[in-house]
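Okay, thanks for coming, everyone. I'd like to walk you through one structure today, so let me put it up on the screen.

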Amino acid sequence: LGKKAKVHAKLYEFQKAADTYKLALKHLQNQIKNTENPDKKMIIRSILIQGSIADCIKDGSGNNLEALSLYKQCIEVLEKIVDERDDKLGVLRNNLADLYLRMNDPKQALPLYELALEALKLAGDTALVANILSSCGSCHFHLNDYTSARNLYGQAVSLKHDMFGEDHVSLVKVMKNLAMLDLKENKPNEAIIVLNKILDRIHDIPHNQKIPVLSTLGTAYNITKNYSEAYDAYEEVIRLIRYLDKNTTTGNTNPNNNRGKIDSLKSRKITNNDYTAIMSDKSWVNYLSPLKQITKLALLLKRYDDVNRYSSLALDILNKFTQIFDDDKPTNINILNENDIKEYVYHFSNLAGKYYKNKKKDEQAIEYLEQAKNMYSSLEKHDPLMLGALLVELAYLYTFNDERGEAIIRFQDALMIYKEKLGNNHAKTKEVIEALQSFMNQETESDEESGEYESH
């Protein structure tokens, strides 16, 4: 049963794996119950099976709290049975630390990694030691200790080079982390070199590992203003997420895919069938971040058809997401909260509004920009000046659409913000005052011409 469960887990069938592990656990617990003096190994094995169930929960349903509780129970029991530096205890601590890091809690993760590192060094598990060194580096990275992070990443790379050579797939994650460190230290060109080295030298990278490499590469290209290359990277990210979603049940996540640099990706475009399929995938929330980047880049590159296509897809995803957020949360979106959703709705509504504005479709532009304004103003933290800019943009659109009353209201709201934040003498404040005065004068002239004006 244990072997069968491992096969299910390798095929990403985590629920089936968990169910099979539970059957194995039940069988083993019955053996322990019916044995007068159960062997210590049987008890340890039962704890490790529970740890495997926690792995399946973490990687499958995404219920972090349930997995967290189960890991803690296993470690608490195992600590009473084995030596503090036992490798099995080290593995459980490492897995719990991975979960804490996933939950953005590096302070909890780091001491667990350090205990696991000590145990697994004694056990001679060099491969896992290298992975833990990399994970320790990530903890220091998130704690803004970049010097320690780079040192630990370097140790991990050195160990992996010694074990596997310079083109082994196990180097992908740690090299990507080094590139992210380069970005943090304002070295985007160095990051681009490292990331392209990954894509050039390491073949058959599983899609779930290639996606963050391409996403980071897109960010690096964006920073260096290589917008077309960034666009291609993010489009490939979306395509790979689609492929991964479609093939995880068959385990086909590591096809022969040796395209190398991003230059060769430009011919690979996402089809309309992909858009339809994305909406039926359980993990469509994974598309939000790359969609956010690619829609911004498409607007910058004046690829207006792509802006419309991607923004529409993103808004469809967000509408679907908000409908089920309260009652039927999908499997792996536990990292998003209501404020995250509002931020994405704001972003994609804003982009869709700008797209229609460029197309001179004022009614659609107003609809999306009003939605963007409402979402942005409801965020926990928002910049009043950015809200003011949205209001001014809307005011001009209402003017072009012959809705002067609405335009005046938006100008007045923007003026209140600018006066409070910038003062009466700031250029933006003066611009809004002049625009508002102009509109008021036009309203007055219009009323006089129609005989409806009364002196006050």
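Let's start with cysteines. How far is the sulfur of Cys139 from the closest cysteine sulfur, and in which residue is that partner? The partner is Cys136, and its sulfur sits 6.1 Å away, which is too far for a bond. Keep in mind that this is a predicted model. For a disulfide we'd want the two sulfur atoms within 2.5 Å, so at 6.1 Å the Cys139 and Cys136 pair doesn't qualify. Searching the whole structure gives zero disulfides.

And is Cys139 buried or exposed? Buried: its relative accessible area is 0%. Cys74 is another buried cysteine, with a relative accessible area of 2%.

Okay, the overall picture. The protein has 456 residues, and 46% of them are buried. For secondary structure, we get 20 helices and zero strands. If you take contacts between residues at least 6 apart in sequence, 61% of them join residues at least 24 apart. The accessible surface is about 23600 Å², with 47% of that belonging to carbon and sulfur atoms.

Now, the second largest pocket. It holds about 220 Å³ of space. Which elements give two or more residues to its lining? Those are helix H1, at 2–10, helix H2, at 14–33, and helix H3, at 40–61. H2 provides the largest share, five residues. If you want to find the lining on the screen, look for Leu1, Gly2, Lys3 and Lys6, then Tyr21, Ala24, His27, Leu28 and Gln31, and finally Arg45, Ile49 and Ser52. By character, that lining splits into five nonpolar, four polar and three charged residues.

Last stop: a couple of backbone angles. Which phi value does Asp204 have? Near 60°, so positive, in a residue other than glycine. Asp204 is in the loop between helix H10, at 188–201, and helix H11, at 207–223. Its side of the story on accessibility is that Asp204 is partly exposed, at 29% relative accessible area.

Lys225 also isn't a glycine, and its phi is positive too, about 65°. You'll find Lys225 in the loop between H11 and helix H12, which runs 227–247. Lys225 counts as exposed, with 60% relative accessibility, because the cut-off for exposed is over 50%.

That's my tour, so over to you.

Methods: Residues are numbered from 1 along each chain as its sequence is written. This is a predicted model: local features need pLDDT of at least 70, side-chain atom pairs count only at pLDDT 80 or more; totals for chains, interfaces and linings use all residues. Side-chain values use heavy atoms; hydrogens and water are left out. On a 1 Å grid over the protein atoms alone, a cavity is a set of points where a 1.4 Å probe fits but cannot get out, and a pocket is an open set with protein on both sides within 12 Å along at least five of seven lines; lining residues have an atom within 4 Å of a point. Grid points are joined across faces, edges and corners, and a volume is the space filled by probe spheres set on the points. Helices (H or I, at least four residues) and strands (E, at least two) are DSSP runs, numbered from the N terminus. Ala, Val, Leu, Ile, Met, Phe, Trp, Tyr, Cys and Pro count as nonpolar, Asp, Glu, Lys and Arg as charged, and the others, Gly among them, as polar. Buried means under 20% relative accessible area, exposed over 50%, partly exposed in between (1.4 Å probe, protein chains only). Contact means heavy atoms within 4.5 Å. Accessible areas come from the Shrake-Rupley method with a 1.4 Å probe; for residues, only the protein chains shown count as cover.
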